[in-house]
Amino acid sequence: MAAIKIKLEKKELEIKKGASGLDILKDNPHDGAIAMKLDGKLVDLTTTLDKSAAIEFVTSKDDEGKEVIKHSAAHIMAQAIKKLYPEAEPTIGPAIDTGFYYDFDNLKIQQEDLPKIEKEMKKIIHDKLPFTRKVVPLKEALEMFKNKYKKEIIKELTDKDVSTYKQGDFVDLCRGPHVPHTGYVKAIKLTKLAGAYWRGDSNNVMLTRVYGVAFASKDELNEYVKLLEEAEKRDHKKIGKQMDLFSFHEEAAGVPFFHPKGSIIYNELLNFIRDEYFKRDYGEVVTPTILKNTMWKQSGHWDHYREDMYFTKIDKQDYGLKPMNCPAAILIYKNSTKSYRQLPLRYADCGFIHRNELSGVLNGLFRVRRFIQDDCHHFVTPDQMGEEIKELIDFVKYVYKDVFDFEFHVELSTKPDKAMGDDKLWEQAEGALGLAMKEVKLPFTINPGDGAFYGPKLDFHIKDALGRSWQCGTIQVDFQMPERFDLNYEGPDGTKHRPVIIHRTIIGSVERFMGVLLEHTAGRLPLWLSPVQVRIMPIADRHLDYAKGVLEELKKQGVRVDMDDRTETIGKKVRDAQLHKVPIMLTLGDKELEAKTLAARTLDGKLKFGIKTADFVNAVKQNIEEKKVSVSF
RNA sequence: GCCUCUGUAGCACAGCGGUAGUGCGCUACCUUGGUAAGGUAGAGGUCCCGAGUUCAAUUCUCGGCAGAGGCUCCA
């Protein structure tokens, strides 16, 4: 038989024509190989070679390999479900970041059914059924697949042929690639059941989506399960309860009740941002929550945002609760003639805004119906726009990286379908944001059609300790509102010019940011944000008087301090303080009483004895002042 | 809003067609203890709300409200 030359990584090999990746692996073992790249294109290991090519094996450790495993697992699940529920109609089932899912129509199952499906999947995996690829002409494919969803997909394809994969008696429309046989998928777990609209459109029927995870080893599955447990422990709703920060009540769905301790965190976040405003030449404004509908009609909110608003009547006139602060800032701007010398003009507004969110999207502090944004409207000349945006990006970087130690990424969201204004202004605004990002040399991705109705935006997503990402800050360029409200300023030439409005938030909403921060830190907030910064714990009753003295002194110094004077053992008091995430514990006993010193314990279990009160106060104040992320002595 | 699930003491959960338990927490007393749980006793519940089935509903059925996880949406 004829031989062909292939290039395998750095080696040149000669193999039989028609040999497959699996054949090559026999003589050239490659640990964990599950797919391969043929001249850079990802294909099955079972693909046969009929001409010279460069080959690279892809393993289950590579991202591409992981995706192959997840995708193969989706097919295995579909096969299992088809067997258990023959009337179910498979639609689509891709690999996703966290695993895979498959959507079915006509599948009526419950959470309890998942183990049954898992069991069936394990059988299929045990049987090591080969995945076989077959390319068929479109017409033939239309006959092969009876179900309407698959037909719909096939009809939209522009290729001549479509590729199908078969394992056992299950055939699916699929580009591939897949693992050679089902036995390659070593560990699977079905995680949740959900509803999902066909093609993600809420006008379409709701399908049943089954989510799962798949790995090439049991260890990886265990690791994943651990991560889930960790995430559950860090759930901010749970931490909020444990630390007595806030609660939710059915009397006000979607709006948190912040308790005294939670309110401290809330207010500290606002204080922090206000201090930054002061340094950066912002003016804070305080404005009404309820404004007349005439205002909302002029701003465009009536046409573009009404669904998300609450309305009321006062003296037979129609009013709406503000979902955004911009109209108020605009009214203040228009209150007097503005000169170019006054710009940029920055109106910060920490007012409550209300959004009538769908009940199904509410989620702890992450998604609420009433919240405060660290919102500001920058009125700038077109010339100042670029510089102002760059300064803002810098501000964002300072807050995320320097103060809170968050990684983040940026998306540029462009014109949505439901937008107002003409395309030219949109392009100009999008260009300005993109250019600023390039100039500050930050990478960003494009999120098409996700802009606000009045302008494109940069969205800042922060990454927490568990690698999850949250949208918080946003910078939006708006040419529309200045037009609608006929805003202007006197230029150096003595004529009127149109300003540009930049709408932006950095921490986003105080609520969401607090939730992210609680999960990121697992409740171990930096000292400056901790509701109780220091807890004093006398060891026996005879230390009480000394402890009270220390308590008063720290209070006088502005430290948030409390005392655990219960008749409990010191071990018990330490445990309680640990559980409530009190950053500094002062244990006061005979030694301290005698030497008039303090003994401190931090949450990491480190102890230090013999601290002088004055030194302690200085260290604590400095840590707070510098907004340090952690405490140490 | 839609899909699946859930709702029992402050919290975490058992339980059951005959109006309820456990642990932690709380209160009192004893204990005065050196870095993640000392002992004993006690208080605490409209079993989310409403209707239906039943001799009897916290339990079964239906409707509502709220929560969780998804989908769509979003700070």
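Chain A comes with 19 helices and 35 strands, and keep in mind that this is a predicted model. Its C-alpha atoms fill a box of roughly 90 × 75 × 55 Å along the principal axes. Here's a quick tour of how the chain packs and what sits around RNA strand B.

**Overall packing**
- Of the 633 residues in chain A, 36% are buried.
- If you take the contacts in chain A with a separation of 6 or more, 67% of them link residues 24 or more positions apart.

**Nonpolar cores**
- As a general backdrop, nonpolar side chains tend to be buried together in soluble globular proteins.
- The largest nonpolar core has 61 residues, and the ones touching the most other members are Ile389, Leu433 and Met514.
- Helix H12, spanning residues 385–403, is the top contributor to this core, chipping in seven residues.
- Leu433 is worth a click: setting aside neighbours within four places in sequence, its contacts are Ile389, Leu412, Pro456, Leu458 and Val477.
- There's also a second, separate core, made of 46 residues, with Val58, Ala80, Phe104 and Phe131 among them.

**Around RNA strand B**
- RNA strand B is surrounded by 64 residues, and the closest are Ala194, Gly195, Gly360, Gly508 and Gly589.
- Helix H17 (residues 570–579) gives the most to the surface near the strand, with seven residues.
- Sorted by class, that surface has 23 polar, 22 nonpolar and 19 charged residues.

Conventions
Residues are numbered from 1 along each chain as its sequence is written. Chains are lettered from A and ligands numbered from 1 in the order in which they are written. This is a predicted model: local features need pLDDT of at least 70, side-chain atom pairs count only at pLDDT 80 or more; totals for chains, interfaces and linings use all residues. A nonpolar core is a set of buried Ala, Val, Leu, Ile, Met, Phe, Trp, Tyr and Cys residues joined through C-beta atoms within 7 Å. A residue is buried if 20 or more other C-beta atoms lie within 10 Å of its own, exposed if 12 or fewer, and partly exposed in between; C-beta atoms are placed from the backbone. Helices (H or I, at least four residues) and strands (E, at least two) are DSSP runs, numbered from the N terminus. Two residues are in contact if their C-beta atoms, placed from the backbone, lie within 7 Å. A residue is near a molecule or strand if its C-beta atom, placed from the backbone, lies within 6 Å of it. Ala, Val, Leu, Ile, Met, Phe, Trp, Tyr, Cys and Pro count as nonpolar, Asp, Glu, Lys and Arg as charged, and the others, Gly among them, as polar.
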